[in-house]
Amino acid sequence: MASAAIFSSMRRRRSPSLEAFLAPVDLSDVALVQTLVSVAADIVSSFSDKFLSIQRRNSRSLVRKVEIFLVLLEYLRDSDAALPCTAVICLKELYLLLYRSKILLDYCAQSSKLWLLLQNHPISGHFHDMNQEISTLLDVFPMEDVGLGEDVREQIELLQLQARRARLFIDEGDEELRVQFFSFLDEFEKGRVPDSADLWLFLVERLGIRDAKSCRHEIEFLEEQIVNHEGDVEPTASVLNGFVAFTRYCRFLLFGFEEDEVESGIGNNQRKPRRRRGLLTQEIAETFITIPKDFCCPISLDLMREPVIISTGQTYDRSSISRWWEEGHCTCPKTGQMLPSTRLVPNRALRNLIMQWCTAYGIPYDPPEFADASADSFAAVSPSKAALAANKATAGLLIQRLEDGSPCAQTIAARELRLLAKTGRENRAFIAEAGAIPHLCKLLSSPNSVTQENSVTAMLNLSIYEKNKSRIVDEEGCLGSIVNVLRFGHTTEARENAAATLFSLSAVHDYKKRIADEEGGIEALAELLREGTPRGKKDAVTALFNLSTHTENCMRMIEAGAVTALVSALGNEGVAEEAAGALALVVRQPIGAKEVAKEDIAVAGLIGMMRCGTPRGKENAVAALLELCRCGGAAATERVVKAPALAGLLQMLLFTGTKRARRKAASLARVFQRCENAAAMHFGGPGVGYALAGNSTANRDSSFVGDVSVPMPISVHVL
């Protein structure tokens, strides 16, 4: 019966108590019996009056058996007689049996009702296993040797007989509900929406799911099973997705939108402080512990819970890289290489280091259990046809509430659309096609902070789908409203997500000029880059990088103070690489080069990047210095030439840099050689001259953006 304990702990993502596997070894006979009485009494008191909608008969039968064991144990306690050795061994086995019974009953009491329906056969099998263990235990229990009273003996013998005769019992009512549950999914699979009266009878009357809160619990539990899914467990993760979508549809169809008002506090514009997704608690984050860079996922920038290696050799958090692939990308986010396969290999060495670091600093770390065995087959769950149909029906209900619902209902609808658009291009497509964008656009100016945050984040998630970008930009006033959230948003997260939305939209070249022309947009991005959180700075710098690739935006970025902000960002490790890439583009134009040259710390910052930056950061830094010399005039060239230690850094890049970095370093060295001063001696003499001669064929690239290498970590942060 150990499998029942393992089963329950796996599904609840927690370890069962050690008492479930270790019998007590140092207790006297009296203490052992007293302990067993306490355990049995606890089970009886906890579950004898508890009503379970699913597995009712199996659970009641098990509790009644425990009640009989309690009678036996109380008799042994009160008799005070010495127990034979064989009886003590049996009682220790009974100790394990009782703990496993408690785990199984706890699981049935705390689990989702819908999940219990889906697992009706396996869980019934666990109850049958308990009966077999009881039968085996009673077969070897020395009743003759312990001198039981006649009434107790009769009850134990009757229990023994019942346990021997017990067969696997699957409740017909539960099985009927399970079949009906699958039939609803089949209706969606065939393109039909189930009748609302049938759904009410099933969920409310038969299962007792009577309000929105209970329905949300069901959804969250089913989603947890998808996260922890194993390949050999039925139903499949894809089918589970369908059941989640079905339950979400029922939640809004049957219980409406108003029931969340009291709990969420959105009716009076109050909200509970919310922790950003990640492993660090708010308290830990406030202590400003610096997480080692190698422990952070390059995509999410969060501490990795489950580091995995992809085919290019780069390491990412499993959830982040899976989401990257789900969004349709087929390249490595960091290197840009095409991926020959999507196989993931757990990076156990790094995970162990992360766990040790978290333990040393007292930071909570909960790596997913059982992930290694199943995640390769569950890296990305494809939505079933039924799931898509149910989600589409749900989107229709939500958009209707956006149009004519109360302020509270609109807020809830925006939140749910945000969550629905979190995954799956199909979801993003039909939400936009159903007309959500105009209604979300209106809510961007809401005085309610929760409403505004949910609306802009929903817009961000929708913008990931390529066709939705034009829908958003072409919607009258929508782009301006997003910029206004960036400038005046009620919460930090709303402003950051507005910046991420602009980054997503600016992936389309034709929209870069339109975004830059929105009043206050670039100024707000520059401010976020200077004063924002690490995540906000990342959103801002990537958006500014995209905008800088449009030649007509250079003057606008100078006027808005974005160039100054980019120069200042060179000293921030988290965004320096992207800032250098953006500056390398800006200085291609003479006016941009002159503006950068005015910044006292610009050359020093780029030199610092060449010394301590990432390979791509060094590449961007040397590219920016080269363009500064070419387009910034004699004064700018002189400042670059006279920069301390530049000669040694160039020599190092010529031998250790990336291919593009070596080419840029060689070109910059030739610029020096043409200068009418004695700085050439700083390159180390003939050795360097020989190295440069070997690169003499390298010419300035004709491409505009191709000379700058900035790995975009993800299209946007899907929230």
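These legends go with a set of close-up views of a predicted model.

**View 1. The whole chain, before zooming in.**
The chain carries 38 helices and three strands. Of its 719 residues, 55% are buried. Its accessible surface adds up to about 31200 Å², and carbon and sulfur atoms hold 52% of that. Take the contacts with a separation of 6 or more: 75% of them are between residues 24 or more positions apart. Searching the whole structure for salt bridges turns up 21, and a few of these get their own views below.

**View 2. Glu 523 and Arg 556, a salt bridge between two helices.**
Here the closest N and O atoms of Glu 523 and Arg 556 sit 3.0 Å apart, making a salt bridge. Glu 523 belongs to helix 27 (residues 521-531) and Arg 556 to helix 29 (residues 554-559), so the pair ties together parts that are 33 residues apart in sequence. The two ends have their own surroundings: Glu 523 is partly exposed at 31% relative accessible area, while Arg 556 counts as buried at 16%.

**View 3. Glu 527 and Arg 530, a salt bridge inside helix 27.**
Staying with helix 27, this view picks out Glu 527 and Arg 530, whose side chains meet in a salt bridge of 3.1 Å, N to O. Both residues lie in that helix, three residues apart, which is about one turn. An α-helix has 3.6 residues a turn, so residues three or four places apart point the same way. Both partners are partly exposed, Glu 527 with a relative accessible area of 38% and Arg 530 with 35%.

**View 4. Arg 415 with Glu 416, and a network around Arg 153.**
Arg 415 pairs with Glu 416 in a salt bridge, with the closest N and O atoms 3.0 Å apart. Arg 415 is partly exposed, its relative accessible area being 22%, and Glu 416 is buried at 9%. Elsewhere, Glu 144, Arg 153 and Glu 157 are joined in a network of salt bridges. The general idea is simple: side chains of opposite charge can pair when their charged atoms come close.

**View 5. Helix 34 packed against helix 35.**
Helix 34 (residues 615-631) and helix 35 (residues 633-641) pack with their axes 7 Å apart, at an angle of about 145°. From helix 34 come Leu 625, Leu 628, Cys 629 and Cys 631, which meet Gly 633, Ala 636, Thr 637 and Val 640 of helix 35. By type, the residues of this contact split into six nonpolar, two polar and no charged.

**View 6. Cysteines without a disulfide.**
The disulfide count comes to zero. A disulfide is a covalent bond between the sulfur atoms of two cysteines. For Cys 85, the closest cysteine sulfur is that of Cys 90, and at 9.7 Å it is too far for a bond; the cut-off for a disulfide is 2.5 Å. Cys 85 is exposed, with a relative accessible area of 57%. Cys 612 is exposed too, with a value of 65%.

**View 7. Gln 55, a buried loop residue with a positive phi.**
Gln 55 is found in the loop between helix 2 (29-47) and helix 3 (56-79). Its phi is near 60°, a positive value in a residue other than glycine. Most residues other than glycine have a negative phi. Gln 55 is also buried, with a relative accessibility of 2%.

**View 8. Arg 178 and its contacts.**
Arg 178 lies in helix 9 (residues 172-189) and is buried, with a relative accessible area of 19%. Leaving aside residues up to four places away in sequence, Arg 178 touches Leu 117, Leu 118, Asn 120 and His 121. As for Gln 119, it is 59 residues from Arg 178 in sequence but 8.9 Å away in space, C-alpha to C-alpha.

**View 9. Helix 15, wrapped by the rest of the structure.**
Seven of the nine residues of helix 15 (residues 318-326) are buried, so the helix is largely enclosed by the rest of the structure. The buried residues are Arg 318, Ser 320, Ile 321, Ser 322, Arg 323, Trp 324 and Trp 325. Just after helix 15, Gly 328 takes a positive phi of about 100°.

Notes. Residues are numbered from 1 along each chain as its sequence is written. This is a predicted model: local features need pLDDT of at least 70, side-chain atom pairs count only at pLDDT 80 or more; totals for chains, interfaces and linings use all residues. Side-chain values use heavy atoms; hydrogens and water are left out. A salt bridge is a side-chain nitrogen of Lys or Arg within 4 Å of a carboxyl oxygen of Asp or Glu. Buried means under 20% relative accessible area, exposed over 50%, partly exposed in between (1.4 Å probe, protein chains only). Helices (H or I, at least four residues) and strands (E, at least two) are DSSP runs, numbered from the N terminus. Contact means heavy atoms within 4.5 Å. Accessible areas come from the Shrake-Rupley method with a 1.4 Å probe; for residues, only the protein chains shown count as cover. Axes are lines fitted to C-alpha atoms, for helices over the stretch in contact, and angles run from 0 to 180 degrees between N-to-C directions. Ala, Val, Leu, Ile, Met, Phe, Trp, Tyr, Cys and Pro count as nonpolar, Asp, Glu, Lys and Arg as charged, and the others, Gly among them, as polar.
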